[in-house]
Amino acid sequence: MSKIKIAELFYSIQGEGRYMGVPSVFLRTFGCNFKCAGFGMPRGELSTEVESIAERITEFKIYEELPLVSTGCDSYASWDPRFKDLSPMLTTDAIADRITEILPFNEWEDEHLVITGGEPLLGWQRAYPDLLNHPKMSGLKEITFETNGTQKLDPKFKEYLTDWSFGNDEREITFSVSAKLSCSGEARHEAIKPDVVCEYQEAGHTYLKFVIATEEDAEEALETLDIYRAEGFTGHCYLMPVGGVESVYTLNNRRVAELAMKMGLRYSDRLQVPLFKNEWGT
Ligand code: SF4
């Protein structure tokens with residue numbers, strides 16, 4: 001039986017992108033190929049906020065006790081190896097059981113499954129079919145992979161996903177691709193992989209979602225979108241305000257909405273911030 005290292009598993013409302021407002025189970029896997037320490041920082045600087053948290057690691061017994069951060073990756077503990085012991089390795093049976101427990105009617109109804117991270121396509125592609133084939137997952141109709149768009153699909157997994165939704169109008173796979181612009185602090189040649197993202201389109205509905213702090217970021221998003229389009233990307237594109245904490249989010253959410261309107265792009269909120277203060281488990 002397959003196992004997946006799980007940073008968080010919780011039930012909430014999807015706050016971002018295409019399924020904004022939809023009741024959703026979030027499966028946050030451990031591991032990422034990026035750090036995104038540039039978010040919320042002046043251009044060219046990287047956040048060191050997590051360093052002081054890591055120095056106090058023995059104070060935190062469970063994931064939910066960890067402090068939230070206002071700069072860098074807001075899900076740092078889902079990939080930073082210093083926090084790995086807070087994320088258990090669970091069998092796919094145990095994950096299916098836990099999902100059934102947290103669904104409001106203990107079975108799938110109109111809820112959707114978000115497989116997020118970390119980077120969920122980094123290390124667990126071979127394990128997902130075991131989970132999705134579990135009898136307790138049979139009522140599931142919609143799945144979103146929240147990915148940074150750099151990881152190629154394993155051919156067998158791609159075939160599995162295509163079969164999963166083939167011939168069933170109620171079932172749909174979505175790839176929500178949060179491609180990283182320079183404000184993330186990641187190198188462009190490693191972050192922007194149009195060929196990888198275009199292949200996702202063959203396995204499911206695929207859209208791009210750029211995190212934006214300034215007009216310069218929005219202009220970079222537009223230029224980057226052109227690169228994806230030139231490769232054959234046909235999906236929608238969202239601009240979403242930076243801000244894992246409310247004080248940062250409220251500084252620029254309206255501005256980003258206005259930029260999205262001006263550029264003819266979609267705006268994505270991050271409802272988990274105003275609704276739930278982006279606390280763990282939301
Ligand atoms: S890709 Fe996502 S999970 Fe990974 S470091 Fe960046 S923001 Fe965090």
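**Sheet pairing and ligand surroundings in the predicted model**

In the paired strands of the sheet, Phe 175 stands opposite Thr 206, a residue of strand S7. The structure described here is a predicted model. Strand S7 comprises residues 205–212 and is joined to S6 by four bridges, with the two strands running in the parallel sense. These strands belong to an open sheet of nine strands, in which the pairing is mixed. The order across the sheet is S3-S1-S2-S4-S5-S6-S7-S8-S9. The edges are formed by strand S3 (89–91) and strand S9 (266–267); each has a single partner strand, so one side of each is left without a neighbour in the sheet.

Within this order, S5 is placed between S4 and S6. Strand S5 covers residues 142–147, and strand S4 covers residues 112–116. The pairing of S4 with S5 is parallel and extends over three bridges. On this side of S5, Ile 143 has Leu 113 opposite it. Strand S6, residues 172–177, also runs parallel to S5, and six bridges join the two. Two residue pairs can be named for the contact between S5 and S6. Glu 142 is opposite Glu 172 in S6, and Thr 144 has Thr 174 of S6 as its bridge partner. In a regular strand, side chains alternate between the two faces of the sheet.

The connection between S5 and S6 includes helix H4, residues 155–165, and the three elements together make a right-handed β-α-β unit. Both strands of this unit are mostly covered. Five of the six residues of S5 are buried, and five of the six residues of S6 are likewise buried.

The ligand sits in the largest cavity of the model. Its surroundings consist of Cys 32, Phe 34, Lys 35, Cys 36, Cys 73, Ser 75, Trp 79, Gly 118, Asn 148 and Lys 180. Grouped by class, this shell contains five nonpolar residues, three polar residues and two charged residues. The ligand shell includes Phe 34 and Cys 36. Phe 34 is located in the loop that links strand S2 (23–29) to helix H1 (49–55), and Cys 36 is found in the loop between S2 and H1 as well. The relative accessibility of Phe 34 is 5%, so the residue falls under the 20% cut-off and counts as buried. Cys 36 is also buried, because its relative accessible area of 6% lies under 20%. The backbone of Cys 36 has a positive phi of about 50°, although the residue is not a glycine. The C-alpha atoms of Phe 34 and Ser 138 are 33 Å apart in space, and the two residues are separated by 104 residues in sequence.

Gly 118 is another of the residues around the ligand. Gly 118 is placed in the loop between S4 and helix H3 (128–132). The peptide bond leading from Gly 117 to Gly 118 is cis, with omega near 15°.

A positive phi is also found at Asn 106, with a value of about 60°, and Asn 106 is not a glycine. This residue lies in the loop between helix H2 (92–102) and S4. Asn 106 has a relative accessible area of 44%, between the limits of 20% and 50%, and is therefore partly exposed.

Pro 194 lies in helix H6, which covers residues 194–200. With a relative accessibility of 11%, Pro 194 is under the 20% limit and so counts as buried. Pro 194 and Thr 150 are 44 residues apart in sequence, while the distance between their C-alpha atoms is 8.6 Å.

Terms used:
Residues numbered from 1 in each chain as written. Predicted model: local features only at pLDDT ≥ 70, side-chain atom pairs only at ≥ 80, totals over all residues. Heavy atoms only, no water. Near = heavy atom within 4 Å. 1 Å grid on protein atoms, 1.4 Å probe; cavity = no way out; pocket = protein on both sides within 12 Å on 5 of 7 lines; lining within 4 Å. Sits in = over half its atoms within 2 Å of the grid points. Nonpolar A, V, L, I, M, F, W, Y, C, P; charged D, E, K, R; others polar. Buried < 20%, exposed > 50% of the residue type's maximum accessible area, 1.4 Å probe, protein only. Pairing = 2+ DSSP bridges. Right-handed = clockwise from strand over helix to strand, strands pointing away.
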